[in-house]
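Here is a short report on selected features of one protein model. It covers a sheet, a set of charged pairs and one residue examined closely.

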Amino acid sequence: MLGKIVQLKNGLLFLTTLLVLSSTSLFGQATFRDNFGSVSYSNNDGNQNFSSNWIESNDDSSPSGGRIEIVGNELEFRNLDNRSIRRSLDLSGASSVTLTLDYDRTSGNESLLVQLFNGSSYNTIATLAGTGSVNYTLDSSEISASSEIQFITGSGNWGGSETIYVDNVLFSAVFSTTDLAVSKTVDDSTPKEGDNVVYTLTVTNNGPNNATNVSVTDVLPTGVTYVSDDGSYNSGTGVWTIGSLNNGSTSTLNITASVDAGTASSTITNTITAVNADQTDTNTTADDLSESIVPTADQPPVITVTGDQVYCPGGSLAI
């Protein structure tokens, strides 16, 4: 655990607690954070970027003016009435997410709501009044590719000087991880024009966790034409759908393609462009994603005879 001292505008000091996970092969942590250190709605102070900037509603949409703005390295809400601000982030694939933030009401007795989008509506998870901090664990409906946080007035009749400040907005997301080792081979690197070649794709889950929704994208390059495959491969999109791949398991796909005419002496490189799964791949350095072929021209046959035969061996064609 790591503590951080935060000083707010009224001079009060309090301790915010941030969750720090040990670096292991089991989990990976992503942080989405805005410390409001500059007057901008696009600040990204974590190791991941939010999906959007802060977006105001019913105000002037400026971080440096209006009733919602950034002042003194904090997000200020003043004389708020019917105004709000929101920001989105992609939390898809996270196994758990915690939201922490600090707040301080410097004057007045109004309140501010913290809301999270649950896929269909906003859910109020905290009411900010006085001075304090929020530490909230998101439920599954609030963890998605379209997750969103919103601050909106929680009371009416804000006076001209009634003010609440928010700081250190932090989402700590934990993603399960695994090591997917990917390789590709080709059975003939110097085929003739018109020959078939077989690309073999292999994905091995080296663990420690099972992998789900695994897919590989391998679009055949110009110079070869799809013939067949022995798995769930879409030749139009190039996506090989594997699905679940347990720790220690391997999945293999063979793609047969014909070498186009007019490709002799050219280098044709087939490259895997994407490997996707619900889990984070912890090691991509050993992956072998490309194979190249250099076709040769299809030369006419050469007939070799020995002795003084009148006909080609095995036939009646005169030499």
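## An open sheet

In this predicted model, four strands make up an open sheet, ordered β17-β18-β15-β21, with antiparallel pairing. The edges belong to β17 (233-234) and β21 (274-276). Each has a single partner strand, so one side of each is left without a neighbour in the sheet.

Take the β17 edge. Two bridges join β17 to β18 (residues 239-245), and these strands run antiparallel. N234 has V239 in β18 as its bridge partner.

## Salt bridges between loops and strands

Seven salt bridges turn up in a search of the whole structure. One of them pairs R83 with D59, with the closest N and O atoms 3.6 Å apart. R83 sits in the loop between β6 (74-78) and β7 (84-89), and D59 in the loop between β4 (55-57) and β5 (68-71), so the pair ties together parts that are 24 residues apart in sequence. R83 is buried, at 16% relative accessible area. D59 is partly exposed, at 21%.

D218 and K184 form another salt bridge through their side chains, at 3.2 Å from N to O. This pair links distant parts of the chain, 34 residues apart. D218 lies in the loop between β15 (211-217) and β16 (224-229), while K184 lies in strand β13 (residues 163-186). Both residues, D218 and K184, are buried.

## A shared network

Salt bridges that share partners join E69, E76 and R78 into one network. Within it, the side chains of E69 and R78 meet at 3.9 Å, N to O. E69 is buried, with a relative accessible area of 11%. R78 is partly exposed, with 29%.

## A closer look at N205

Where does N205 lie? Its place is in strand β14 (residues 196-208). Is N205 buried or exposed? N205 is buried, because its relative accessible area is 0%, and buried means under 20%.

The side chain of N205 reaches the backbone oxygen of N209 at 3.0 Å. Which residues are in contact with N205, leaving aside its neighbours within four places in sequence? They are T178, D179, L180, N210, A211, L245, N246, N247, G248 and S249. One of these contacts, L245, belongs to N205's list and falls within the β18 range of residues 239-245. Another, A211, is also in contact with N205 and falls within the β15 range, 211-217.

Terms used:
Residues numbered from 1 in each chain as written. Predicted model: local features only at pLDDT ≥ 70, side-chain atom pairs only at ≥ 80, totals over all residues. Heavy atoms only, no water. Buried < 20%, exposed > 50% of the residue type's maximum accessible area, 1.4 Å probe, protein only. Polar contact = N/O pair within 3.5 Å; in protein donor to acceptor, adjacent residues only side chain to side chain. Contact = heavy atoms within 4.5 Å. Pairing = 2+ DSSP bridges. Salt bridge = Lys/Arg side-chain N within 4 Å of Asp/Glu carboxyl O.
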